[in-house]
Amino acid sequence: MAQAHKPRNGIQTDRNLALELVRVTEAAALAASHWIGHGKKNEADGAAVEAMRKAFDAVAIDGTVVIGEGEMDEAPMLFIGEKVGAGGPKMDIAVDPLEGTTLTAKAGPNAMATLALAEGGNFLHAPDIYMDKIAVGGGLPAGVINLDDSPAANLRNLARAKKVETSDLLVCILDRDRHKDLIAHCREAGARIMLISDGDVAGVIATAMPDSDIDIYLGSGGAPEGVLSAAALRCVGGQMQGRLLYESDDQIERVRSMGHADPKRCFSVEEMAKGDVMFAATGVTTGAMLRGVKRGVGSAVTHSIVMRSHSGTVRFIEAYHNFVQKTWTAT
């Protein structure tokens, strides 16, 4: 009789780690869910940060936060350079404990807790400044988008690659005054536009989700969110480019001090998130990709996604949480 093959330790460890990452985002989402609709975005963010930091204590990694809540003197927890985990392989950690603080405060859609993980040195070290971004999903020819091209040129190239008319394309853009010209150029090219109030990580990921109508993401947003978005797209084969934007000479010097010799460099998705990447997110409020936390008496239901670049696997996880039986609490 043939013997069954045992799974390799590395594969089993990776699967266990993926589940542990989801538990971390679940903890942050559950904590933030108490603040949905209360108009207090700072309290919601603080609750998510504290819960995520505590949940990391049980994860078997030697992690270093490279994308986090800010510098040590600005953030009490999950600051850039902070060590997390219970010990194990050295890992870079990128976190946004509550992507969409304003969305949570206003009970708007698409708020979620997110994190990404890669081996040490594989995430772009990006300060909390703006980044110009362009992103599309997988299955497209390499180089179909270029941050140095005009919006009209990118839309023409994308329409040609998808074998549709430019008027069929849906562009996702953050609804900000700084994007007035970008919006005008896209409409002049004939494309449709979806304006979102917050949550550009969800906007970028949506370009690669089969059930999404979004074809391309354009515009500027936070650089840390750009790295998290790149990590997610690495898992599903999307394309993305990003370039850091500066409001002062001090920001340029800050970027140079982080090892970037050319502050105007355009980064590809592979340069922002290299190697084997894992990405996890749990919905706080219901959106296009994830359902929000549904709370009951002494219980809650969460909806999460976990992805890995090495295998290209995307898993959705629905979890029922019985707070009566838990030894920890997300309150």
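In which helix do Arg-23 and Glu-20 both lie, and how many residues apart are they? The legends below begin with this pair.

The model is predicted, so that local features need pLDDT of at least 70 and side-chain atom pairs count only at pLDDT 80 or more, while totals for chains, interfaces and linings use all residues. Residues are numbered from 1 along each chain as its sequence is written, and side-chain values use heavy atoms, with hydrogens and water left out.

**View 1. Arg-23 and Glu-20 in helix α1.** Both residues lie in helix α1 (residues 9-33), three residues apart, about one turn of the helix; helices (H or I, at least four residues) and strands (E, at least two) are DSSP runs, numbered from the N terminus. Their side chains meet in a salt bridge at 2.3 Å, N to O, the term denoting a side-chain nitrogen of Lys or Arg within 4 Å of a carboxyl oxygen of Asp or Glu. Arg-23 is partly exposed, with a relative accessible area of 42%, where buried means under 20%, exposed over 50% and partly exposed in between (1.4 Å probe, protein chains only).

**View 2. The salt bridge between Lys-133 and Asp-200.** The closest N and O atoms of this pair are 2.5 Å apart. Lys-133 lies in strand β5 (residues 130-136) and Asp-200 in helix α6 (residues 200-206), so the salt bridge ties together parts that are 67 residues apart in sequence. Lys-133 counts as buried at 1% relative accessibility, and Asp-200 is likewise buried, with a relative accessible area of 5%.

**View 3. Glu-271 with Arg-265, and a network elsewhere.** Glu-271 and Arg-265 form a salt bridge in which the closest N and O atoms are 2.5 Å apart. Glu-271 is partly exposed, with a relative accessible area of 28%, and Arg-265 counts as partly exposed at 39%. Salt bridges that share partners also join Arg-53, Asp-57 and Glu-82 into one network; a search of the whole structure finds 12 salt bridges.

**View 4. Phe-279 and the nonpolar cores.** The largest nonpolar core (buried Ala, Val, Leu, Ile, Met, Phe, Trp, Tyr and Cys residues joined through side-chain atoms within 4.5 Å) has 47 residues, and Phe-279 is among those with the most contacts inside it, together with Met-112, Phe-123, Ile-205 and Met-240. Helix α7 (residues 223-236) gives the most to this core, with eight residues. A second, separate core of 35 residues includes Ile-93, Leu-103, Ala-111 and Met-278. Leaving aside neighbours within four places in sequence, Phe-279 has contacts (heavy atoms within 4.5 Å) that include Thr-114, Ile-205, Leu-228, Cys-235 and Val-306.
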